[in-house]
Amino acid sequence: MLKSPAYLGQEPLLAEIFPDAVFITTNRNPVDTMSSAASLCSSYQQAYSDADRDAFLGPMMLAGFGMAMQQHLAARAQHPQLRFLDIGYAELTQHAQQSVQNVYAYLGMSLSAEARDAMLQWEQANQQHKQGVHRHRLEHYSLTPEMVQGYFGDYIDRFASRF
């Protein structure tokens with residue numbers, strides 16, 4: 001199992017190495033997530049420098065993730081044999097147990113009561129925002145909703161119902 005946004009758009013290459021791969025994607029509105037990605041990158045950079053790079057981090061992250069999303073959508077269109085299961089972020093956070101059952105069913109696996117109970121216990125012990133809310137704004141990273149929509153228009157059109 002590989003979990004990283006860095007693999008977005010690289011699914012055909014991964015399928016060459018792992019021919020039985022199943023790609024499970026969570027879909028979330030990029031207008032809500034791009035400032036979070038820039039904030040995370042800013043946090044990494046603060047460990048090594050006190051220079052303020054926030055003004056150009058947003059456009060840099062937007063261009064990188066936007067290109068990766070276009071590659072992802074193209075890969076899906078060009079390689080219909082690849083197996084994808086799409087799950088909306090709200091679906092995952094509000095109905096985690098059903099989402100897990102859907103994943104297991106898609107994979108042709110059965111979910112044991114023991115595994116389900118362990119997941120439920122973990123979810124109860126690790127509720128969202130347990131460590132506080134991560135606050136971030138597009139404007140702080142020189143972005144606007146319109147800029148994000150410009151890069152992610154095709155993705156938003158295709159998956160907005162899952163946001």
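**View 1. Secondary structure of the whole protein.** The predicted model holds 7 helices and 2 strands. From the N terminus onward, the elements follow the order α-β-α-α-β-α-α-α-α. The C-alpha trace spans about 50 × 40 × 30 Å along its principal axes.

**View 2. Burial, surface and contacts of the protein.** The protein has 163 residues, and buried ones make up 29% of them. About 10700 Å² is exposed. Carbon and sulfur atoms supply 54% of that area. Contacts reach far along the sequence: of those between residues at least 6 apart, 73% join residues at least 24 apart.

**View 3. Packing of helix α3 on helix α7.** Two packed helices are described by the angle between their axes and the distance between the axes. Helix α3 covers residues 54-78, and helix α7 covers residues 145-159. Their axes lie 9 Å apart, at an angle of about 25 degrees. Angles under 35 degrees count as roughly parallel, so α3 and α7 are roughly parallel to each other. The crossing of α3 past α7 is left-handed.

**View 4. Residues in the α3 and α7 contact.** Helix α3 contributes L62, A63, F65, G66, M69, Q70, L73 and R76. Helix α7 answers with M147, V148, Y151, F152, D154, Y155, R158 and F159. By class, the residues of this contact split into 11 nonpolar, 2 polar and 3 charged.

**View 5. Packing of helix α2 on helix α7.** Helix α2 runs over residues 30-46. It packs with α7 at an angle of about 120 degrees, and the two axes are 9 Å apart. That angle falls outside 65 to 115 degrees, the range for roughly perpendicular, and is not over 145, the limit for roughly antiparallel. The pair α2 and α7 is therefore oblique. Here the crossing of α2 past α7 is right-handed.

**View 6. Residues in the α2 and α7 contact.** From α2 come P30, V31 and M34. From α7 come P145, V148, Q149, F152, Y155 and I156. The residues of this contact divide into 8 nonpolar and 1 polar, with no charged residue.

**View 7. Helix α7 with both partners.** V148, F152 and Y155 of α7 take part in the contact with α3. V148, F152 and Y155 also take part in the contact with α2. The axis of α7 is 9 Å from that of α3 and 9 Å from that of α2. Helix α7 is roughly parallel to α3 but oblique to α2.

How values were computed:
Residues are numbered from 1 along each chain as its sequence is written. This is a predicted model: local features need pLDDT of at least 70, side-chain atom pairs count only at pLDDT 80 or more; totals for chains, interfaces and linings use all residues. Side-chain values use heavy atoms; hydrogens and water are left out. Axes are lines fitted to C-alpha atoms, for helices over the stretch in contact, and angles run from 0 to 180 degrees between N-to-C directions. Helices (H or I, at least four residues) and strands (E, at least two) are DSSP runs, numbered from the N terminus. A crossing is left-handed if the near helix is turned anticlockwise from the far one by less than a right angle, and right-handed if clockwise. Contact means heavy atoms within 4.5 Å. Ala, Val, Leu, Ile, Met, Phe, Trp, Tyr, Cys and Pro count as nonpolar, Asp, Glu, Lys and Arg as charged, and the others, Gly among them, as polar. Buried means under 20% relative accessible area, exposed over 50%, partly exposed in between (1.4 Å probe, protein chains only). Accessible areas come from the Shrake-Rupley method with a 1.4 Å probe; for residues, only the protein chains shown count as cover.
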